[in-house]
Amino acid sequence: MYQPSADINGTSSLPASRDNTNDFPPPEKEGQKGQDSCAAWAVAYAATSREERHKWEWGSYSKNHCFSPAFVFNSLTKGGKPIHISAAMKFVVNKGVCSMQIMDYAENSLVAPDSRQKKVASYFKAALWRTVNGIDAVKDAIVKDYGVVFAFRVPVNYSSANNVIYGSETIGEGAHAVCIVGYDDNRYGGAFKYLNSYGSGWGENGYGWITYTAFNKTGVNNYGGGIGYVLNQGTNKDLKNKMGDVDYNGSVTAADARLILRYSSRLETYTDEQFVRSDVDGDGVVSASDSQFVLRYSSGLETEFPYFT
């Protein structure tokens with residue numbers, strides 16, 4: 001659901017700078033889809049991955065802890081055309097998003113998610129999305145550990161120009177979405193740092209800066225203009241209570257391990273829900289190793305499934 005930014009108002013005491021870069025996944029490249037899929041990268045890959053990492057207290061980023069821009073973009077696009085940030089936000093709240101391990105990004109593919117990918121995604125829904133308006137409110141959101149997604153108008157050569165700093169007050173020719181990860185009042189006269197989706201070879205190792213002035217003045221057609229968007233993943237960990245329990249009896253036992261082994265050997269068919277509960281390591285495949293881990297877990301030899309570490 002949408003909620004106004006009640007707890008993000010820019011009225012708290014704000015430090016002169018904040019850099020949350022290490023809280024976000026590393027820069028990746030969206031490829032030939034160009035600017036068309038950027039909103040999905042900013043919302044799913046950047047903002048959602050950070051939110052889920054904090055919720056589950058995951059350590060380093062891996063493919064099963066980075067969330068899929070393809071799941072969001074391929075679900076919403078009409079023939080490869082761009083999607084709006086708010087549409088991507090609503091989608092993650094209503095439908096969720098699966099990891100890149102479950103649905104990786106292929107730059108030339110618009111294949112829609114299958115039922116299994118949708119089932120996994122349903123366990124990773126955001127609780128709400130909201131807008132933040134103005135420089136201080138965006139800074140406040142950064143201090144409170146949100147990723148702030150926004151879009152601005154950029155020149156046609158932006159993707160190849162390696163513009164570390166965007167300080168122009170002139171509206172460019174193309175809209176591009178990114179995720180703000182920090183800010184510095186003393187850099188470039190005051191600027192936001194953002195994670196781009198052009199790979200680590202672009203800009204400042206994959207990151208760029210936009211001045212506060214440009215942030216406020218690059219809006220057109222509901223893009224930019226001092227407006228950012230944030231997700232809140234909430235605290236729902238329902239999947240953790242169900243993982244490994246493939247026979248739905250409320251506990252994880254050796255019987256579950258045997259059933260998973262039969263799944264992996266194709267001696268039994270399973271539902272999409274049972275697939276999610278069986279894939280305890282989150283690699284997108286039900287295998288004998290999942291069965292072995294569930295057996296160890298049921299015997300008290302393991303206390304946490306790999307999916308959540």
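**A small set of cavity walls, a strand and a helix**

Helix H1 gives the largest share of the lining of the largest cavity, namely five residues. The model examined here is a predicted one. Rolling a probe the size of a water molecule over the atoms shows where empty space is left. With that approach, the count comes to one cavity of 30 Å³ or more, and the volume of the largest cavity is about 50 Å³.

So what surrounds this space? The lining consists of Cys38, Trp41, Ala42, Tyr45, Ala46, Ala177, Val178, Leu195, Asn196 and Ser197. Sorted by type, that makes eight nonpolar residues and two polar ones, with no charged residue in the lining. Two elements, helix H1 (38-56) and strand S5 (174-184), each supply at least two of the lining residues.

Strand S5 is worth a look of its own. S5 is mostly covered, with 10 of its 11 residues buried, and it has several pairing partners. Strand S1 (residues 17-19) runs antiparallel to S5 and is joined to it by three bridges; here Asp19 has Gly182 of S5 as its bridge partner. Strand S3 (residues 148-154) also pairs with S5 in the antiparallel sense, this time over seven bridges. In that pairing, Ala151 stands opposite Ala177 of S5, and Ala177 turns up again in the lining of the largest cavity.

The pairing of S5 with strand S6 (residues 191-195) is antiparallel too, and it counts five bridges. Asp184 sits opposite Ala191 of S6. S5 and S6 form a hairpin with six residues between the strands, and in this hairpin Tyr188 takes a positive phi near 55°. Leu195, a residue of the cavity lining, belongs to the 191-195 stretch that makes up S6.

Further along the chain comes helix H11 (residues 288-298), whose buried residues are Asp290, Ser291, Phe293 and Val294. These four lie on the same side of H11, because they cover an arc of only 165° around the axis. An α-helix has 3.6 residues a turn, so residues three or four places apart point the same way. As for what that buried side meets, the buried residues of H11 pack against helix H9 (254-264) and helix H10 (272-278). Just after H11, Gly300 takes a positive phi of about 80°.

Note on methods:
Residues are numbered from 1 along each chain as its sequence is written. This is a predicted model: local features need pLDDT of at least 70, side-chain atom pairs count only at pLDDT 80 or more; totals for chains, interfaces and linings use all residues. Side-chain values use heavy atoms; hydrogens and water are left out. On a 1 Å grid over the protein atoms alone, a cavity is a set of points where a 1.4 Å probe fits but cannot get out, and a pocket is an open set with protein on both sides within 12 Å along at least five of seven lines; lining residues have an atom within 4 Å of a point. Grid points are joined across faces, edges and corners, and a volume is the space filled by probe spheres set on the points. Ala, Val, Leu, Ile, Met, Phe, Trp, Tyr, Cys and Pro count as nonpolar, Asp, Glu, Lys and Arg as charged, and the others, Gly among them, as polar. Buried means under 20% relative accessible area, exposed over 50%, partly exposed in between (1.4 Å probe, protein chains only). Two strands pair if DSSP finds at least two bridges between them. The arc is that of the directions from the helix axis to the C-beta atoms. Contact means heavy atoms within 4.5 Å.
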